[in-house]
Each structure stands twice: as C-alpha cells, then as structure tokens.
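Visitor: I'm new to reading protein models, and I'd like some help. Could you walk me through one, feature by feature?
Guide: Sure, let's put it on the screen and start.

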Amino acid sequence: MSEPFRRKLVAGNWKMNTTRASAVELARGIAQLVPAGRTDVDVLVCPPFPYLYAVASAIEGSAVQLGAQDVYYEPPGAFTGEVAVNMLTDVGCRFVIVGHSERRHILCETDSVLRRKVAAAIVGGLEVIFCVGEHLAEREANQTEKILDSQMAGGLTGLAEADLEHVTIAYEPVWAIGTGRTATAQQADDVHLYLRKWLADRYNPRRVQSTRILYGGSVNPKNALELLSEPNVDGALVGGASLKVETFQPIIEAAAVATQGGGTKA
Ligand code: PEP
C-alpha cells in the first residue's frame with residue numbers, strides 16, 4: 001500500500017505579539033515567500049484579533065492562509081470581549097486554533113468549553129487546529145498517553161465522521177512551548193502515531209490517514225527539518241520563530257523539502 005500523502009502545514013501562532021505595523025510587515029514578508037500557486041507546502045499565520053483584517057489585506061493574492069488564535073462558541077450577542085465564528089470568516093479567516101495550552105492553563109478553558117468551540121467553528125466553516133499536550137511532570141510519570149486520551153476525548157467527543165476533515169491536531173508538549181526545549185523527532189513521531197491510532201479507533205482509519213498532526217514546541221530553523229521528516233509529523237505550529245521572516249522562512253522551506261520526501265529520513 002502506498003504511503004498516504006499529507007502536505008506539510010506550517011502555522012505561525014503570533015500569540016499576543018506584534019503591532020499593526022509590524023504584523024503587516026511580517027505578513028508581507030511571508031506572503032512573498034509563499035506566492036499564489038505554491039503547492040509544496042501550506043502556510044498559515046495566526047495574528048492577534050485586532051490585526052486580522054490588516055493581515056488579511058497584506059497576504060491577499062498569496063497562498064498564505066489566515067487563522068485566529070481563539071474563538072467563542074456562541075453566535076453574536078451579549079458576550080463582552082468575545083469573538084464569534086462568523087466574525088472570523090468575515091475578515092478572511094479559514095482556520096482557528098482551539099485548546100492552545102496557554103488557553104487551557106492560563107485562561108482555564110475546560111474540555112466542555114473546547115468541545116463547544118470545536119463544534120461551533122466547524123459548523124461556521126472554519127478549519128480547526130486542536131491542540132493537546134502534557135506537562136513535564138505528566139511525561140515523567142508516564143502519564144502522556146492518559147493525558148492525551150482525556151484531552152482528545154474532551155475536545156472531540158461527538159465530532160461526526162464527516163467533520164474530521166476539518167480538524168488538524170497539534171501535539172504541543174507543554175514543557176516544550178517557548179522553553180527552547182524540543183521533543184526529539186522520535187518522541188514527536190511516537191506521540192503522533194499514538195494520536196493517529198486514537199482517531200483510527202474511533203473513525204474510519206482511511207479517513208484518519210488524511211488528518212494532519214502538527215508538532216509544536218520550540219520548533220526553529222535548526223530542528224525543523226529533522227522533526228518534519230518524521231512520517232507522522234505533518235507540519236509545525238510555531239510560536240517564537242514565526243515572529244521573524246528570517247526564522248520562519250527556513251521552517252517553511254524545511255517543510256517543503258520534507259513534503260517532497262527530501263527530509264533527513266529520505
Ligand atoms: C506555540 O505557541 O504553539 C509554540 C509552540 O510556541 P514556541 O514555538 O515558541 O514554543
């Protein structure tokens with residue numbers, strides 16, 4: 001049986017960084033790297049809410065996609081401070097990140113909140129990047145699989161088979177996010193294989209072969225090619241290194257090389 005083809009996706013999570021001017025400059029720089037018609041890699045940028053519209057204009061005409069870092073699950077109404085799904089699609093978002101560890105652990109988002117966000121985003125036409133990942137103490141106590149089981153069930157229970165195509169998983173070990181400490185390529189691939197099996201136990205395994213599973217956690221120009229060359233690492237969710245064209249570009253190029261089978265495992 002031939003290997004499934006999953007084009008690598010490189011997603012930049014800008015978190016609570018940039019100004020309007022620097023966001024537009026960064027977006028323009030990335031758009032130049034990924035012109036319309038470039039098909040060897042998918043690239044996504046997720047700026048802060050206030051800059052989405054300006055960034056949408058800056059990447060117009062390129063192949064760079066736009067995503068938000070969060071969304072609320074209710075339709076527009078009296079929810080002070082929140083942002084609805086249709087507002088995101090209205091400004092050109094195709095993706096949304098749900099369940100980032102900073103939202104789980106700093107903003108205290110629960111499984112039931114995340115499940116509703118996943119469902120509402122898909123109904124409203126967004127592609128969801130659903131994040132999961134264990135703390136260091138949990139990994140050291142051999143609890144990684146247990147934590148991932150509970151986070152996957154927490155966010156995805158009730159997801160219809162037909163909606164699976166709108167979900168990308170991002171494995172982001174909390175101990176690797178913004179710490180400079182990266183999972184080894186083997187650790188990442190092992191977990192991604194586990195997550196794919198988790199999905200295959202619940203959905204048509206053939207469909208699950210097309211689900212992308214990204215790795216996130218201190219991905220940088222030095223480690224990107226090795227991580228992205230793993231067969232089950234279908235892209236990267238990048239924080240710090242996505243904030244400069246000079247550091248994001250090599251990650252994009254590493255993903256393009258790995259998509260074409262030219263990675264370190266070729
Ligand atoms: C992230 O924010 O999802 C992330 C992985 O951050 P960093 O690349 O900075 O570790």
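Visitor: Let's begin with the ligand. Which residues come nearest to it?
Guide: Keep in mind that this is a predicted model. There are 14 residues around the ligand, and K15, E172, G178, S218 and G239 come nearest. That shell divides into 4 nonpolar, 8 polar and 2 charged residues.

Visitor: How do I read the polar contacts? Which atoms of N13, for instance, lie by the ligand?
Guide: Look for N or O atoms within 3.5 Å of each other. In N13, a polar side-chain atom lies 3.3 Å from an oxygen atom of the ligand. E172 also uses its side chain: an N or O atom there is 2.6 Å from a ligand oxygen. With G240 you should look at the backbone, where an N or O atom lies 2.9 Å from an oxygen atom of the ligand.

Visitor: And how much of the ligand does the protein bury?
Guide: Taken alone, the ligand exposes 290 Å², and the protein buries 95% of that.

Visitor: Now the empty space. What shows where it is left?
Guide: Rolling a probe the size of a water molecule over the atoms does the trick. Here the largest pocket holds about 450 Å³ of space. Its lining is made up of 20 residues, with K15, M16, Q69, D70 and R103 lying nearest the centre. Sort that lining by class and you get 11 nonpolar, 4 polar and 5 charged residues.

Visitor: How many cavities of 30 Å³ or more are there?
Guide: Just 1. The largest cavity has about 30 Å³ of space. Its lining consists of G99, S101, R104, C131, V132, G133, Q151 and E172. You've met E172 already, with its side chain 2.6 Å from a ligand oxygen.

Visitor: Last one: how many disulfides does the structure hold?
Guide: It holds 0. Take C46, which is in no disulfide; the nearest cysteine sulfur, that of C93, is 7.8 Å away.

Visitor: Why is there no bond for C93?
Guide: Because its sulfur is 7.8 Å from the closest cysteine sulfur, in C46, and that is too far for a bond. A disulfide needs the two sulfur atoms within 2.5 Å.

Visitor: Are these two cysteines buried or exposed?
Guide: C46 is buried, with a relative accessible area of 1%. C93 counts as buried too, at 6% relative accessibility.

Technical notes: Residues numbered from 1 in each chain as written. Predicted model: local features only at pLDDT ≥ 70, side-chain atom pairs only at ≥ 80, totals over all residues. Heavy atoms only, no water. 1 Å grid on protein atoms, 1.4 Å probe; cavity = no way out; pocket = protein on both sides within 12 Å on 5 of 7 lines; lining within 4 Å. Points joined across faces, edges and corners; volume = space filled by probe spheres on them. Nonpolar A, V, L, I, M, F, W, Y, C, P; charged D, E, K, R; others polar. Near = heavy atom within 4 Å. Polar contact = N/O pair within 3.5 Å; in protein donor to acceptor, adjacent residues only side chain to side chain. Areas by Shrake-Rupley, 256 points an atom, 1.4 Å probe, with all protein chains shown as cover. Buried < 20%, exposed > 50% of the residue type's maximum accessible area, 1.4 Å probe, protein only.
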